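Subject: Model for your files

Dear colleague,

Here is the structure I promised to hand over. My notes on it follow below.

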Amino acid sequence: KRSKAEREGVYADAYADAVKELLPVLDNLERATQYTAPDKVAEGVELILKGLPDVFAKMKITVFGKAGEQFDPNIHNAVMHIEDASYGENEIVDVFQQGYMLGDKVIRYAMVRVAN
């Protein structure tokens, strides 16, 4: 029972730490909603997007799935396929959603279009 309680406590602490890292992003989104001028809202969202990689780095989350990479079925989900001689074999042409990993664990597979 003690071992189970310790595991649950460690999980809860890790979960709380992850949420704590995301709270500044939420705060910035809430601030962005206070603006009515479209250019200010766009500027705010752009700043938030620039800050997210730092949050992910603190959480040891890596982003993957870029055009030009080789398709890997272990981390990519090919939702479309094209035949085009200007691309290499199993080359990623478009990325519809980037993928995210925590260490070796895939959090979300990258959704991609693959050539040839």
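How far apart are the closest N and O atoms where K50 forms a salt bridge with E46? They are 3.5 Å apart. Before the rest, the ground rules. This is a predicted model, in which local features need pLDDT of at least 70 and side-chain atom pairs count only at pLDDT 80 or more, while totals for chains, interfaces and linings use all residues. Residues are numbered from 1 along each chain as its sequence is written, and side-chain values use heavy atoms, with hydrogens and water left out.

Overall layout

The chain has two helices and six strands, in the sequence pattern α-α-β-β-β-β-β-β. Helices (H or I, at least four residues) and strands (E, at least two) are DSSP runs, numbered from the N terminus. The radius of gyration, taken over C-alpha atoms, is 19 Å, whereas a compact globule of 116 residues would have one near 13 Å; the globule rule is 2.2 Å times the number of residues to the power 0.38. The C-alpha trace spans about 55 × 55 × 20 Å along its principal axes. Of the 116 residues, 22% count as buried. Buried is under 20% relative accessible area, exposed is over 50%, and partly exposed lies in between (1.4 Å probe, protein chains only).

Helices

Helix α1 covers residues 2-32 and contains L26. L26 has 43% relative accessibility and therefore counts as partly exposed. Together with Y11, Y15, V19 and L23, L26 forms a nonpolar patch on the surface, with about 520 Å² of accessible area in total. Patches are made of residues with over 30% relative accessible area and no salt bridge, with like charges joined within 9 Å and nonpolar side chains (Val, Leu, Ile, Met, Phe, Trp, Tyr) within 5 Å. Accessible areas come from the Shrake-Rupley method with a 1.4 Å probe, and for residues only the protein chains shown count as cover.

Helix α2 holds the pair from the opening question: K50 and E46 both lie in it, four residues apart, about one turn of the helix. K50 is exposed, at 54% relative accessible area, and E46 is partly exposed, at 46%.

After α2 (38-58) comes the loop to β1, where K60 is found. K60 is not a glycine, yet has a positive phi of about 60°. At 61% relative accessibility, K60 counts as exposed.

The antiparallel sheet

One open sheet has three strands in the order β1-β4-β5, with antiparallel pairing. Its edge strands are β1 and β5, each pairing on one side only. Neighbouring strands here are turned by 35° against each other on average, direction ignored. The axes behind such angles are lines fitted to C-alpha atoms, for helices over the stretch in contact, and angles run from 0 to 180 degrees between N-to-C directions. Two strands count as paired if DSSP finds at least two bridges between them.

Strand β1 (residues 61-64) is joined to strand β4 (residues 99-102) by four bridges, and I61 stands opposite L102. Between β4 and strand β5 (residues 105-108) there are three bridges, with L102 opposite K105. These two strands, β4 and β5, form a hairpin with two residues between them, and G103 in the turn has a positive phi of about 65°.

The mixed sheet

A further open sheet of three strands has the order β2-β6-β3 and mixed pairing. Both β2 (76-82) and β3 (91-97) stand at the edges with a single partner strand each, so one side of each lacks a neighbour in the sheet. The average turn between neighbouring strands of this sheet is 30°, direction ignored. β2 pairs with strand β6 (residues 110-115) in the parallel sense over six bridges, and I82 stands opposite A115.

The loop between β2 and β3 contains N90, which has a positive phi of about 55° although it is not a glycine. N90 counts as partly exposed, at 33% relative accessibility.

Salt bridges

How many salt bridges does the structure hold? The count is two, where a salt bridge is a side-chain nitrogen of Lys or Arg within 4 Å of a carboxyl oxygen of Asp or Glu. Besides the pair in α2, R113 forms a salt bridge with D94, with the closest N and O atoms 2.8 Å apart. R113 lies in strand β6 and D94 in strand β3, so this pair ties together parts that are 19 residues apart in sequence. D94 is partly exposed, with a relative accessible area of 28%.

Regards
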